[in-house]
Every structure is written in C-alpha cells, then in structure tokens.
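Visitor: I have the model open and would like to go through it with you. Could we begin with the terms?

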Amino acid sequence: MAQIETRFAARAKRRRINRWLNGAIAVVVLLILIVGGNLLFGGEPSKKEMDREAKTEAANAKRVEVETGEAAAPTEAETPAEEEDAASTDETSNAGVTETPGPPGSNVEKEIVNPAWQPIGTTQSEPHETVFKKDSVDWKEMLDAVSYATGIAPEEMIVWFIGNNGPNKAVATISTKDQAAHYKVYIEWVTNEGWKPTKVQKLKQKP
C-alpha cells in the first residue's frame, strides 16, 4: 500500500514539473516572437522610406525658398555642381556687355551695349518699310525691341518719341510709368528677322 502511494506521489510530482516546464517554454517562445516581431517591423527604416524622406525634405526646402525668397541650404537634389552650372549660365548671358559713362555735362548717365541682343522676330514681309504710326505693326514691333533691351514691358512705359535714325534704323526715348527711370534706345532692322537693339542710353533726367 505504501508503495502504491509513493508511485502516485511521484507521478503527481512529475505532472507538476511538466506543467511548470511547459509554462516556462511557452513564456520563452512568446518572448522570442515579441523580440523577433520588433526586429522585423520596428527596426531600421528601409531604403525606400529613407529615399522618400530625403525627397520630402528636398521638396520642403524648395518650397521654403519660393515662399521666403531666400535660398535654402543645398540638398542632395541641389548639388554644388548644379549651382555652378547656373552661375556659369548667368555669367555667359552677361559676357561682353559694356557700360560706358556718358560724356561730362550730358544727360546720359551711362551707355550700354550687349552683343547678345538678337532680332526680336517679325510678322512683316520684305522689303521692309519703316512706319512711325502708333497703330501699325511696325510701331508695335519697335516697342517690343525697346522692351527687350530695357526689360520694361510696353504697357509699363511712357513713349516720348520714336523716330528715324537713318536707313532701317530708329531711336526711341521712353520712361517707366512712374518716371523713375529714363532711356534712349537705338534699334536697327535685320532683314527677315525684325528689329534688333544696338545701344541703350540710361538718361539722368526725363527727356
């Protein structure tokens, strides 16, 4: 009888040990799953996510530059090499421009000549005939050439005079609408290509 009770006690003890071991194994497995899940889904961001974040930061930097008018710090999308190319383009467009002070005692502040000026194009046919009438196509194209040379839109200028300056040549005297700046612009006709600026004089006073 004592032996039977001893066997039952031993079996009960083994069952308790097995339950404890099974519980411990279950806890270990659960911990492994939790740690593994964190490593898989909560680890370092993927390359795609990093690229997306970089692009977003670059776009935000450009948006700030546009809204504030100030240049943002260069990003991966704006490399120093690209900035150098832009600066080189600006220098090329201004290359060869000469500015000469006007004669002493004259109304000319300075004289500007830009070899990069080109004919503005034309809708007229050859042979060309210069027409100094305000409602004519030639008058409009002359104003376009003056605007091209000075950077002042035709509707933003006061035209004091446009007249003959020799065969296929003309000269215009204008001011800005607020009369803060005054110019004398020399233009010439290029066959089949239209009027081309040849010289601009910035005047000290209204003509």
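Guide: A residue is called buried under 20% relative accessible area, exposed over 50%, and partly exposed in between, using a 1.4 Å probe and protein chains only. The model is predicted, so local features need pLDDT of at least 70 and side-chain atom pairs count only at pLDDT 80 or more, while totals for chains, interfaces and linings use all residues. Residues are numbered from 1 along each chain as its sequence is written, and side-chain values use heavy atoms, with hydrogens and water left out.

Visitor: Does Asp-144 count as buried, partly exposed or exposed?

Guide: The relative accessibility of Asp-144 is 27%. That lies between the limits of 20% and 50%, so Asp-144 counts as partly exposed.

Visitor: Which residue meets Asp-144 in a salt bridge?

Guide: A salt bridge requires a side-chain nitrogen of Lys or Arg within 4 Å of a carboxyl oxygen of Asp or Glu. Here the N to O distance is 3.1 Å. The partner sits four residues away in helix α4 (residues 137–150), about one helical turn, and is exposed at 52% relative accessible area. The residue is Lys-140.

Visitor: How many salt bridges are there by this rule?

Guide: Besides the pair within helix α4, Lys-110 bridges to Glu-99 and Lys-199 bridges to Glu-111. By this rule the count is three.

Visitor: How far apart in sequence are the parts that Lys-110 and Glu-99 tie together?

Guide: Their closest N and O atoms are 3.2 Å apart. Lys-110 belongs to strand β2 (residues 108–113) and Glu-99 to strand β1 (residues 98–101); helices (H or I, at least four residues) and strands (E, at least two) are DSSP runs numbered from the N terminus. The pair therefore ties together parts separated by 11 residues.

Visitor: And what is the sequence separation for Lys-199 and Glu-111?

Guide: The closest N and O atoms of this pair are 3.7 Å apart. Lys-199 is in strand β6 (residues 194–203) and Glu-111 in strand β2, so the pair links parts far along the chain from one another in numbering, the separation being 88 residues.

Visitor: In what order do the six strands of the open sheet stand?

Guide: Two strands pair if DSSP finds at least two bridges between them. The pairing in this sheet is antiparallel. β1 and β3 stand at the edges with a single partner strand each, so one side of each has no neighbour in the sheet. The order is β1-β2-β6-β5-β4-β3.

Visitor: Which residue in β5 is the bridge partner of Ala-170?

Guide: Strand β4 (residues 169–176) has seven of its eight residues buried. Seven bridges join β4 to the antiparallel strand β5 (residues 182–190). Ala-170 stands opposite Asn-164, and in β5 its bridge partner is Ile-187.

Visitor: Which residue in the turn between β4 and β5 has a positive phi?

Guide: These two strands form a hairpin with five residues between them. The phi angle in question is about 60°, and the residue is Gln-179.

Visitor: What angle does α4 make with β6?

Guide: Axes are lines fitted to C-alpha atoms, for helices over the stretch in contact, and angles run from 0 to 180 degrees between N-to-C directions. Neighbouring strands of the sheet β1-β2-β6-β5-β4-β3 are turned by 25° against each other on average, direction ignored. α4 packs on this sheet, touching β3, β4, β5 and β6 (contact means heavy atoms within 4.5 Å), and its direction makes with that of β6 an angle of about 50°.

Visitor: Which element gives the most residues to the largest nonpolar core?

Guide: A nonpolar core is a set of buried Ala, Val, Leu, Ile, Met, Phe, Trp, Tyr and Cys residues joined through side-chain atoms within 4.5 Å. The largest one has 21 residues, and Tyr-183, Val-185, Ile-187, Trp-195 and Val-200 have the most contacts inside it. α4, β3, β4, β5 and β6 each supply at least two residues of this core. With six residues, the element that gives the most is α4.

Visitor: Which residue has its backbone oxygen 2.9 Å from a polar side-chain atom of Thr-150?

Guide: Thr-150 is in helix α4 and is buried at 18% relative accessible area. Leaving out residues up to four places away in sequence, Thr-150 touches Ile-174, Tyr-183, Val-185 and Val-200. The backbone oxygen at 2.9 Å belongs to Val-146.

How values were computed
A polar contact is a pair of N or O atoms within 3.5 Å; within protein, one must be able to donate a hydrogen and the other to accept it, and residues adjacent in sequence count only if both atoms are side-chain atoms.
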